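Subject: The structure I promised you

Hi,

Here is the structure we talked about. Have a look at it first, and then read on for what turned up.

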Amino acid sequence: MKRYILSIFALTSIFILSGCESILEVDPISEITNSNYWKSESDVKGYLVGAYSFNRTLTNKTLYGEDRGDAMVSGVIGGVSRAHQHELNEEYGYDWVDFYKMLHHCNMLIKHAPKISFGQPKDRDRILAQAYTLRAKTYLTLIESWGDVPLVLEPTETYNKDARPARSSQQEVMNQILEDTNKAIELYPESSIPDKNKMSKPAALCVKAEALAWKYTVQKSNDRQNLIDAIAAIEEVENSGVSLMDNYADIFDVNHEKNSEIIFSIYLKLDEYNDMYMSRLSMSAAAGTLSADVVNKEDIPYTNSTIARHVYAPSPRLRSLFDVKDKRAASAYIDAVTKDGQVKFTSQNKYRGAVYSDDRHFDNDIVVYRLGGILLLKAELLCYLGGENVQKAIDILNVTRNRAGVSNYMGATDQLSVQKEALNERGRELCFELKRWPDLMRAHAAGTIDIYNYVPNLVGKSTPLYFPILRKMIDQNPNLTQTQGY
């Protein structure tokens with residue numbers, strides 16, 4: 001914990017200057033601060049820690065991965081996002097300013113780290129590889145959320161209001177994502193995972209596989225080589241030393257963090273950084289719903305204070321995905337039940353946090369990539385290849401099903417049916433892991449589902465699948481155009 005706190009404090013003078021005056025205007029680092037900072041190996045390592053800290057804040061929300069999907073409904077306390085309701089327009093949308101702050105920090109590392117002398121050159125290569133991987137992952141989330149976005153590859157060290165970037169096509173941004181992941185893969189000194197709270201070669205391969213899946217489906221490249229290359233990347237991950245956990249619930253438990261299945265997770269710890277996003281699907285006793293008549297109160301991951309806020313609840317659609325024998329259901333949700341059998345509310349039960357002397361705190365690491373998830377992505381890609389690959393996809397689905405106590409898949413084996421089962425299995429296996437909306441977008445583009453008939457909050461609406469940009473963003477940068485459909 002100290003390594004995070006000390007490094008972040010040391011970086012305060014730099015990061016505090018990187019606010020945004022307007023939507024893509026990261027205030028430049030002052031020349032005095034910049035010239036005094038990039039001098040030593042420790043400067044580069046410290047800056048990287050700060051970048052991870054910023055990435056954690058950026059990732060720790062359901063907005064981009066879950067809100068627009070089908071796994072959540074309004075909870076007891078409510079206050080759901082407009083994204084969840086699919087009620088978006090240029091006045092009520094979301095800006096991308098924090099993503100571009102993150103990209104600025106990646107660009108700073110990519111620009112300055114190569115100039116610094118390291119005792120071990122491989123340490124510099126590893127840092128650069130992590131910066132490229134973080135940049136690629138950030139851009140992937142941007143195009144999943146907004147489609148076309150500005151492509152900015154240099155840090156903001158000089159100030160020029162006349163050089164405001166326009167939106168690049170998401171195909172152009174995808175080319176950069178793949179270029180960055182390939183650079184990262186070449187730079188990593190090892191094929192293993194030195195620290196599961198940091199990006200690694202296997203994590204970069206995961207980003208590459210997700211990007212290629214998006215390119216093939218949503219961007220409609222129609223290039224089977226995208227699928228082949230993505231599957232090859234996943235198979236490299238499979239051979240990197242990771243393995244499936246025997247007990248599904250242990251993957252997310254605070255006592256099993258950085259376990260054998262984890263490829264990359266984001267570090268959280270009480271007194272350093274806690275209150276992960278899943279506290280917004282958990283109950284606070286202060287809400288008054290945990291009265292004495294709830295017979296299973298101590299089984300529910302609740303807080304006594306307002307640390308938890310039951311904004312969302314697991315949805316009926318999510319619950320319907322689970323077989324009665326599926327052990328994963330107990331991790332996905334738990335009902336608060338009264339003596340007479342009444343369900344008062346439903347809570348998530350996947351990230352239970354930890355009970356401390358003062359209260360429960362949700363300080364579970366945020367799982368970004370793990371073997372179970374990346375194997376199911378492989379199953380999806382095999383479906384798209386068709387032919388004998390569909391049976392290979394079924395074989396993978398059976399691996400995660402069997403771990404969950406469910407028998408082998410015995411449904412229809414035509415390509416479309418198995419694609420639907422792969423989507424359902426990812427829904428069961430990866431619920432609340434910030435994967436659902438990109439999964440649904442790929443499935444819609446591939447013809448697996450019609451998202452407008454599949455996601456309950458989209459039925460009867462014509463809301464575009466990408467976020468709008470705010471009118472104030474265009475007012476501040478006339479080179480920006482509105483997302484198509486708004």
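Before we start, one term: two residues are in contact when they have heavy atoms within 4.5 Å of each other. Also keep in mind that this is a predicted model.

**The domains**

The domain assignment splits the protein into domain 1 (41-71 + 85-266 + 465-476), domain 2 (277-367) and domain 3 (372-458). Let's look at how domain 2 and domain 3 meet. Taken over C-alpha atoms, their centres are 26 Å apart. With the contact rule above, 18 residues of domain 2 touch 19 residues of domain 3. Together the two domains bury about 1500 Å² between them, and carbon and sulfur atoms give 60% of that area. On the domain 2 side, Arg317, Leu321 and Arg328 lose the most area to domain 3, and together they make up 42% of what that side buries.

There are also three salt bridges between domain 2 and domain 3. While you have Arg328 on screen, check its side chain: it forms a salt bridge with Glu425, at 2.7 Å from N to O.

**More salt bridges**

How many salt bridges does the count come to? The answer is 35. One to look up is the pair Glu261 and Arg403, whose side chains meet at 2.5 Å, N to O. This pair ties together distant parts of the chain, 142 residues apart: Glu261 lies in the loop between helix 9 (224-238) and strand 4, while Arg403 belongs to helix 13 (residues 389-403).

**The cavities**

Next, the holes inside. The structure has seven cavities of 30 Å³ or more, and the largest has a volume of about 430 Å³. It is lined by 25 residues, and those closest to its centre are Thr59, Lys137, Thr141, Glu144 and Leu434.

Which helix gives the largest share of that lining? Helix 6 does, with five residues. Several elements supply at least two residues each: helix 3 (41-59), helix 6 (121-146), strand 4 (262-266), strand 10 (366-370) and helix 15 (436-445). In terms of domains, domain 1 and domain 3 each put at least three residues into the lining. Sorted by class, the lining of the largest cavity has 11 nonpolar, six polar and eight charged residues.

The second largest cavity has a volume of about 90 Å³. Its lining includes Glu210, Tyr369, Arg370, Ile374, Arg426 and Glu433. Strand 10 turns up again here: strand 10 and helix 12 (371-385) each give at least two residues to this lining. By class, the second largest cavity is lined by five nonpolar, one polar and five charged residues.

**A pocket**

Pockets are listed separately from cavities, and the second largest pocket is worth a look too. This pocket has a volume of about 230 Å³. Of its 13 lining residues, Trp146, Asp148, Tyr466, Thr483 and Gln484 are the closest to its centre. Four of the lining residues are nonpolar, seven are polar and two are charged.

**One residue to find yourself**

Finally, try finding Tyr273. Where does Tyr273 sit? It is in the loop between strand 4 and strand 5 (312-314). If you leave aside its neighbours within four places in sequence, Tyr273 is in contact with Arg56, Thr57, Asn60 and Leu268. For a sense of distance, pick Ala393 as well: the two residues are 120 apart along the chain, and their C-alpha atoms are separated by 39 Å.

Have fun clicking around!

Note on methods
Residues are numbered from 1 along each chain as its sequence is written. This is a predicted model: local features need pLDDT of at least 70, side-chain atom pairs count only at pLDDT 80 or more; totals for chains, interfaces and linings use all residues. Side-chain values use heavy atoms; hydrogens and water are left out. On a 1 Å grid over the protein atoms alone, a cavity is a set of points where a 1.4 Å probe fits but cannot get out, and a pocket is an open set with protein on both sides within 12 Å along at least five of seven lines; lining residues have an atom within 4 Å of a point. Grid points are joined across faces, edges and corners, and a volume is the space filled by probe spheres set on the points. Helices (H or I, at least four residues) and strands (E, at least two) are DSSP runs, numbered from the N terminus. Ala, Val, Leu, Ile, Met, Phe, Trp, Tyr, Cys and Pro count as nonpolar, Asp, Glu, Lys and Arg as charged, and the others, Gly among them, as polar. Domain bounds come from an automatic or database domain assignment. Buried area is the accessible area (1.4 Å probe) that two parts lose on being put together, summed over both. A salt bridge is a side-chain nitrogen of Lys or Arg within 4 Å of a carboxyl oxygen of Asp or Glu.
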